[in-house]
Amino acid sequence: VSVAVRRKWSTEAYSTPAGGLSPASDRQLLLDVSNIAKNDARTGIQRVVRAIVCALQRLELPGVSVRLIAADRDTFYRSLPDDWLERTGPDREFRLTDHPPANVRRGEIFFGLDFASSILPHHEERLGEWRRRGVEIRLVVYDLLPLTHGRWFTLRARRNFRRWLNLIERQADGVVAISESVANEFDAGIHRHSLPYHPDGQRGRRVVVDAIGRICSTQVADD
């Protein structure tokens, strides 16, 4: 994954102009950690979120600053300290409004790393504003279980998941699936469950779907 991330965000999306960028002008890779920032329940998804955050923070990405951001249903994204996920005790008390609003500019990337299906739909208008300002919107899909095995979930969870998928269709530039099988399932599920996104682009906007493993394989082959 590190090879893919290094090439994707430092070479492709963040080509540095002649003379380079000063640290103050580094472009941001904004990692949404909304759920784990509030409560790290050590679920499977949260363990993956933590591992990817740690991996990205260890990478040397010229001209790129990796930033942690979080939101809740009432408050749009705020910037968190880089070491937030490592804090414990009183230092970990989470009051979102204590943190400064996240500021963005053209060419930066919002990466929906945490599974925030109950949060993101409340901020679709603001997220759309970011996209119109030139911020690239990409979200991670871990599974489609609320859609494919709805009986395992509450009505609210299923409704939130549908709203999150609708947001992907309207606002996302791309989806990164956690595995090849999830990427394939996402594409197949579009037709089976009448989701708004269609890979052939005949309805709605095309959303690029890829898998972390597939990105890795492609980038390693390029080397």
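These exercises walk through a predicted model of one protein chain.

**Exercise 1. The chain as a whole**

Task: State how many helices and strands the protein chain has, and what share of its residues is buried.

Solution.
- Step 1. Begin with the elements. The protein chain has 8 helices and 7 strands.
- Step 2. Turn to burial. Of the 223 residues, 46% count as buried.
- Step 3. Look at the surface. The accessible surface of the protein chain is about 11200 Å². Carbon and sulfur atoms account for 48% of that surface.
- Step 4. Look at contacts between residues at least 6 apart in sequence. Of these contacts, 73% join residues at least 24 apart.

**Exercise 2. Strand 1 and its neighbours**

Task: Find which strands pair with strand 1, and in which sense.

Solution.
- Step 1. Locate the strand. Strand 1 covers residues 27–32.
- Step 2. Take strand 2, residues 64–70. Strand 1 and strand 2 pair in the parallel sense, over 6 bridges. One partner pair is L31 with L68 in strand 2.
- Step 3. Take strand 4, residues 109–112. Strand 4 also runs parallel to strand 1, and 3 bridges join them. Here L30 stands opposite F110.
- Step 4. Check the burial. In strand 1, 5 of the 6 residues are buried, so the strand is largely enclosed by the rest of the structure.

**Exercise 3. A polar residue in strand 1**

Task: Decide whether Q28 is buried or exposed, and name what its side chain reaches.

Solution.
- Step 1. Place the residue. Q28 belongs to strand 1.
- Step 2. Apply the cut-off. Buried means under 20% relative accessible area. Q28 has 14%, so it is buried.
- Step 3. Follow the side chain to the backbone. The side chain of Q28 reaches the backbone oxygen of N103 at 2.7 Å.
- Step 4. Follow it to another side chain. The side chains of Q28 and E108 share a polar contact of 3.0 Å.

**Exercise 4. Aromatic pairs**

Task: Classify the ring pair of F76 and Y77, then that of F115 and W164.

Solution.
- Step 1. Know what to compare. A pair of aromatic rings is described by the distance of the centres and the angle of the planes.
- Step 2. Count the pairs. The model has 8 aromatic pairs.
- Step 3. Classify F76 and Y77. Their ring centres are 5.2 Å apart and their planes stand at 75°, so the pair is edge-to-face.
- Step 4. Add burial. F76 is buried at 8% relative accessibility. Y77 is buried too, at 1%.
- Step 5. Classify F115 and W164. Their centres are 5.3 Å apart and their planes are at 85°, an edge-to-face pair.
- Step 6. Place the two residues. F115 sits in the loop between strand 4 and helix 4, and W164 in helix 6. They are 49 residues apart, and the pair links distant parts of the chain.
- Step 7. Compare their burial. F115 is partly exposed at 23%, whereas W164 is buried at 1%.
- Step 8. Look for a cluster. Ring pairs join F76, Y77, F110 and W130 into one.

**Exercise 5. The nonpolar cores**

Task: Identify the element that gives the most residues to the largest nonpolar core.

Solution.
- Step 1. Size the core. The largest nonpolar core has 30 residues. Among the members that touch the most others are Y77, F110, W130 and W164.
- Step 2. List the elements that give two or more residues. They are helix 4, strand 5, helix 6, strand 6 and helix 7.
- Step 3. Pick the top contributor. Helix 6 gives the most, with 5 residues.
- Step 4. Note the other core. A second, separate core has 25 residues, including V64, F111, Y142 and V176.

**Exercise 6. Two more buried residues**

Task: Find where N160 and I109 lie, and whether each is buried or exposed.

Solution.
- Step 1. Place N160. It lies in helix 6.
- Step 2. Judge its burial. N160 has 9% relative accessibility and counts as buried.
- Step 3. List its contacts. Leaving out residues up to four places away in sequence, N160 touches R73, S117 and S118.
- Step 4. Place I109. It lies in strand 4.
- Step 5. Judge its burial. I109 is buried, with a relative accessible area of 1%.
- Step 6. Relate I109 to W130. They are 21 residues apart along the chain, and their C-alpha atoms are separated by 9.7 Å.

Conventions: Residues are numbered from 1 along each chain as its sequence is written. This is a predicted model: local features need pLDDT of at least 70, side-chain atom pairs count only at pLDDT 80 or more; totals for chains, interfaces and linings use all residues. Side-chain values use heavy atoms; hydrogens and water are left out. Helices (H or I, at least four residues) and strands (E, at least two) are DSSP runs, numbered from the N terminus. Buried means under 20% relative accessible area, exposed over 50%, partly exposed in between (1.4 Å probe, protein chains only). A polar contact is a pair of N or O atoms within 3.5 Å; within protein, one must be able to donate a hydrogen and the other to accept it, and residues adjacent in sequence count only if both atoms are side-chain atoms. Rings of Phe, Tyr and Trp (its six-membered ring) pair if their centres lie within 6.5 Å; planes under 30 degrees apart count as stacked, over 60 as edge-to-face and the rest as tilted. Two strands pair if DSSP finds at least two bridges between them. Contact means heavy atoms within 4.5 Å. Accessible areas come from the Shrake-Rupley method with a 1.4 Å probe; for residues, only the protein chains shown count as cover. A nonpolar core is a set of buried Ala, Val, Leu, Ile, Met, Phe, Trp, Tyr and Cys residues joined through side-chain atoms within 4.5 Å.
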